[in-house]
Amino acid sequence: MSSTLPRWIDVGVMPLLNILAAFIVSGIIIAMIGENPFTALGVMLKGAFVYKGALGYTLFYTTNFIFTGLAVAVAFHATLFNIGGEGQAMMGGLGIGLLVLALDAVLPAFLLILLAIPVSALMGAAWGAVPGYLQAKRGSHVVITTIMFNFIASSIMVWLLAGTLMQPGQMAPETRDFAEGVGLLKFHEIAAMLGIKVARSPLNLSFVIALAAAFGVWVLIWRTRLGYVIRATGHSEKAAIYAGHSPQRIIIITMAISGGLAGMMALNEILGVQHKLILDFTSGFGFTGIAVALMGRNHPVGIIFASLLFGALYQGGAELDFEFKTITREMVLMIQGLIILFSGALVYMFNPMVERLYHRVFTPQKGTA
Amino acid sequence: MTKTTQHNARGGTPPPAIALSGISKTFGAVRANDDIALTVTPGHIHGIVGENGAGKSTLVSILYGFYQADSGDIAINGQKVQIKSTADAIKLGIGMVHQHFMLVPTFTVLENIILGHEHRKGGKSLDDEIALARQELSNLAQQYGLEVDFDALVADLSVGLQQRVEILKTLYRGANILILDEPTGVLTPQETDQLFEILATLRQQGVTVLLITHKLREIMAITDDVSVMRGGKMVAHLTTAKTSPEELAELMVGRQVLINADFHDAEKGEVCLVADNITLTGDGGIPLLRGISFDLRAGEILGVAGVSGNGQTELLEVLSGITPPTSGEINIGGQVIGAHQPATPNDVKNLGLAHVPEDRHAMGMVLPFSAAESAVLGYERQAALGDSIWFGPDLLQNHCAELMQDYDIRPADPALKCNLFSGGNQQKLVLAREMSAAPKILLVGQPTRGVDIGAIEFIYQRLIAMRDQGCAILLVSVELDEILTLSDRVMVMNNGASMGIVDKKDADAQSIGLMMAGVV
């Protein structure tokens, strides 16, 4: 997949082209069921950015996508395909839940929150490192094992939340609420403290942590020795061995970092909003992270933009469902599916065409050696 | 099964089984095949020898329809043909056994053979078809001496038997021209002998065999005719009985324009590295190195000559710590490395050893990396490049810019990706990286492969300068002239063993060629 296109086309134009294709197909389908696609698009944009609190919701979902997208991207730099974002995020949530439920009577909220951040990352890291170990030492492919680990994580959650951790005297599979104050501050609360009135939304400090994580990933991959070795291993295992590194070790470390990032997604959902451990809080964000990473070309900046798009779709899509009788929740899922299809599975579909066009318009200055 | 070729030649000689003329094929800037002509007599075993990269595989790929030639003609049994796909080739009676087998390991032998031809016999069901095929196959197996258990799973068969299945598969599809691409690379010596018996039987039955190899012993042992390829060109057509391994070795390696290297004798220093009886056994028990011993002194260049694929690659990997030896010891300045005292490439590097690998694309550099990034590959732990964690791009760029100036690497742009440099400049970058580490011992593999003349001269001068500064250099090259030009002593390898070490004054192309061929 070596592209002969300049970077600005590869990173800038191609993703836009893919999104455009997805919107055109979605538009045709919406037209087919008798609605005006442009009105629908308008509703969606307003739902994502304009309505009261809409932007907060959009950025709240964006936060989830940044974490899971980064997780996929880090693994991808070592040519590992981490499909286990769901399971790793669940485990991150479980870590937070166990920590807080065990200690919220003893420790102050502030300290618990500070502890919850590394705990979520460590639990996710462990859940990523095991498939990494199995690939490195046993040759079991991470694609298979991470999928299996999603199921295992899901089963553990059901077992615990319908059993030991379930709130006594309740029927719902969830824990008791965390103690008062154990939760990340929301933006509208911060704004209120500063005397600014902002619409309520679930957007919380996790968003800042996600942006910091994106910066951290950029530093790791392009500014540290470890990142250098991860990339070398990803491009050429032989070269890594020649340089005196153990690809096995790098695979395990990379999967741990990847899992840790996915695990931190739980900060947003559990510590940011729910303030208790619930089932299925990951609701597919782990999987969508793959599309986010692909669309963001595995670069943190690209991932932030791709996350924003998916966040807007998630939130704006809900609005579509709300405003149109004919457009159901399933319809919205389908539009999201089309975006994933065009920017994920078919991400290189337009490349040959654009490449030909580009070379016809701009004569290349030097031949490729 | 027997087809037209053998008994119908009442008057005159039969047309050649294969006649190629003017075949050319270009990949990007590489001329893989350049105006190739080839005539193969029916019922003969015809060998094609040449170094790796000489264009042998491209040629047979054209014949088997994987690639299409840019120009040139192909005639099969006297008929001019167009081979646009492998299906065309099979229709023309051409069969090919690949270097890597194309078998389904979880299928039985019989299932593998009829795969893709399940309806040939017109049986009503697959069971019918299998029964019909079994009958025909047992006849074929008997006729050609290719006995194999049809109901065994392919995964359970030895490599030699799997190859037999491949041959049987081509015959079942009606092949009377059989192409074998490096068939013995994966075989033990015993299996090789069995293969040769099978080939002799095939010849007896009138099958034409085209044998692609770089091993001279095999050519001498089994072929009737031999063609030699070098650098994409056909350089000679010979009758095997009238040639010798020495002549073939010389033709394969070729005579180069003598390059001014300004070689002079120099004082040798202390012994820096001792290799004591190193052996290495590959997958499936194939011996790759057989008891290699030598010592390497400061201030000398020890050349390792040999036709490629005779253990030189493995020797470099063992010495540089990439692969631990199966037995034997390496002593580097008092530090012993062996099967029970393994060392990583990093440990070996810390003992003052640097390694310019043979394969600069996969190993020596990371092609999608910038020049600056590849310029520190293997040295990324060094303190000069930043503190223990950080890895400053400015430091990398400055470091690379210095190397580029010292070694005249063009274009002198540290941010340019490695795959955009020419072969010569890529090689200079790898050499610059390894030499600038001021090693006590330098391993160099194929320093001038794919490198232009100007860069070759530069590289030779640098190697000699390193030696004069007291560096011990082990130079592995398939270019015999390069070895003879640069080496103080020459070790010759054949089939994983050292054929002896010769001093510069006693080393000439004739005697080294004999040793390369495994004669002496």
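Two residues are in contact when heavy atoms lie within 4.5 Å. Keep that in mind for this predicted model.

Start inside chain B, at helix H17, residues 509–516. Its buried residues are Ala509(B), Ile512(B), Gly513(B), Met515(B) and Met516(B). Looking down the axis of H17(B), these buried residues fall within an arc of 160°, so they line one face of the helix. What covers them? Among the elements of chain B that do so are helix H8 (245–253) and helix H16 (480–486). Strands E13 (301–305), E19 (489–494) and E20 (497–503) also take part.

Now look at the two ends of H17(B). Asp508(B) caps the N-terminal end. One of its side-chain oxygens lies 3.0 Å from the backbone nitrogen of Ser511(B). After the helix comes Gly518(B), with a positive phi near 80°.

Next, turn to where chain B meets chain A. Here 36 residues of chain B are in contact with 19 residues of chain A. The area buried between the chains is about 2300 Å², and carbon and sulfur atoms give 61% of it. Phe369(B), Glu380(B) and Phe391(B) supply 23% of the area that chain B buries against chain A, more than any other three residues.

How many salt bridges cross this interface? The rule finds one. It joins the side chains of Glu373(B) and Arg231(A), at 2.8 Å from N to O. There are also 14 residue pairs in polar contact between the chains, both residues at pLDDT 80 or more. On the chain B side, helices H10 (345–350), H11 (360–364), H12 (371–374) and H14 (423–435) each give two or more residues. By class, that side has 19 nonpolar, nine polar and eight charged residues.

Key: Residues are numbered from 1 along each chain as its sequence is written. Chains are lettered from A and ligands numbered from 1 in the order in which they are written. This is a predicted model: local features need pLDDT of at least 70, side-chain atom pairs count only at pLDDT 80 or more; totals for chains, interfaces and linings use all residues. Side-chain values use heavy atoms; hydrogens and water are left out. Buried area is the accessible area (1.4 Å probe) that two parts lose on being put together, summed over both. A salt bridge is a side-chain nitrogen of Lys or Arg within 4 Å of a carboxyl oxygen of Asp or Glu. A polar contact is a pair of N or O atoms within 3.5 Å; within protein, one must be able to donate a hydrogen and the other to accept it, and residues adjacent in sequence count only if both atoms are side-chain atoms. Helices (H or I, at least four residues) and strands (E, at least two) are DSSP runs, numbered from the N terminus. Ala, Val, Leu, Ile, Met, Phe, Trp, Tyr, Cys and Pro count as nonpolar, Asp, Glu, Lys and Arg as charged, and the others, Gly among them, as polar. Buried means under 20% relative accessible area, exposed over 50%, partly exposed in between (1.4 Å probe, protein chains only). The arc is that of the directions from the helix axis to the C-beta atoms.
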